[in-house]
Amino acid sequence: MSAAKLAPNMPQWMVDHTNRYLASGGTDGHMYTIQQPDRPQLSVPSLLLTTTGRKSGEKYIFPLFYGETGNSFFIIASKGGAPEHPGWYRNILANPEVEVQVGLGQGVEVAPGRHGAIVGIGPPRLDGVRHRP
């Protein structure tokens, strides 16, 4: 990943997770394990998305959970039910060039449309960003 810093105001668990992911080059942190009281343990895949800040012009890293469809990945632009979209999504609208790391794989991607697919330039291929209406 290029010279970027962690997105501001992330909860500590996200900071710890992202630092582990970055320090290991993706060998540790790709799968995030959630253990909540009285619930079974759950492991979910995560990627690191680097966007350019729409106001600052600085690069920021966001750890996000993702899904897979065929040979592609997708992420959902949701902010836990908040009325506004997450900052990383608003950054993409302003500057569609992003960097993505999925495990050991890294690539530069371009998001050409406001609600459409993201077309990959190199591996990994991130084919979709969806927002909640």
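## Starting from His17

Which helix does His17 lie in? The residue belongs to helix H1. Keep in mind while looking around that this is a predicted model. His17 has a relative accessible area of 3%, so this residue counts as buried, the cut-off being under 20%. Setting aside neighbours within four places in sequence, its contacts are Gly29, Tyr32, Ser46 and Pro63. Tyr32 from that list turns up again among the ring pairs.

## Overall layout

Stepping back, the protein chain has two helices and 10 strands. Walk along the sequence and the pattern reads β-α-β-β-β-β-β-α-β-β-β-β.

The protein chain runs to 133 residues, and 39% of them are buried. As for how the sequence folds back on itself, take the contacts with a separation of 6 or more: 47% of these are between residues 24 or more positions apart.

## The nonpolar core

In soluble globular proteins, nonpolar side chains tend to be buried together. Here, the largest nonpolar core has 19 residues. If you want its best-connected members, pick out Leu47, Leu49, Leu64, Ile75 and Trp88, which have the most contacts inside this core.

Several elements chip in with at least two core residues each. On the helix side, these are H1 (12-24) and H2 (87-94). The strands that do so are E3 (42-52), E4 (59-65), E6 (72-77) and E7 (97-102).

## Rings around Trp13

How many aromatic pairs does a search of the whole structure find? The count is four. Take Trp13 and Tyr32: their ring centres are 5.2 Å apart and their planes sit at 40 degrees, so this pair is tilted. This pair links distant parts of the chain, with Trp13 in helix H1 and Tyr32 in strand E2 (residues 31-34), 19 residues apart. Trp13 is partly exposed, at 41% relative accessibility, whereas Tyr32 is buried, at 16%.

Trp13 also pairs with Phe65, with ring centres 6.5 Å apart and planes at 20 degrees, so that pair is stacked. Because Trp13 lies in helix H1 and Phe65 in strand E4, the stacked pair ties together parts that are 52 residues apart in sequence. Phe65 counts as partly exposed, at 39% relative accessibility. Put the ring pairs together and Trp13, Tyr32 and Phe65 form a cluster.

## The largest pocket

Now for the open space. The largest pocket has a volume of about 670 Å³, and 28 residues line it. Which residues lie nearest its centre? They are Phe62, Lys79, Pro86, Gly87 and Trp88. Trp88 is also one of the residues with the most contacts inside the largest nonpolar core.

By element, H1, E4, E6 and H2 each supply at least two residues of the lining. The largest share comes from E4, with five residues. If you're thinking about the chemistry of the lining, the residues divide into 15 nonpolar, nine polar and four charged.

Conventions: Residues numbered from 1 in each chain as written. Predicted model: local features only at pLDDT ≥ 70, side-chain atom pairs only at ≥ 80, totals over all residues. Heavy atoms only, no water. Core = buried A, V, L, I, M, F, W, Y, C linked by side-chain atoms within 4.5 Å. Buried < 20%, exposed > 50% of the residue type's maximum accessible area, 1.4 Å probe, protein only. Helix = DSSP H or I, 4+ residues; strand = E, 2+ residues; numbered from the N terminus. 1 Å grid on protein atoms, 1.4 Å probe; cavity = no way out; pocket = protein on both sides within 12 Å on 5 of 7 lines; lining within 4 Å. Points joined across faces, edges and corners; volume = space filled by probe spheres on them. Nonpolar A, V, L, I, M, F, W, Y, C, P; charged D, E, K, R; others polar. Phe/Tyr/Trp six-rings, centres within 6.5 Å; stacked < 30°, edge-to-face > 60°. Contact = heavy atoms within 4.5 Å.
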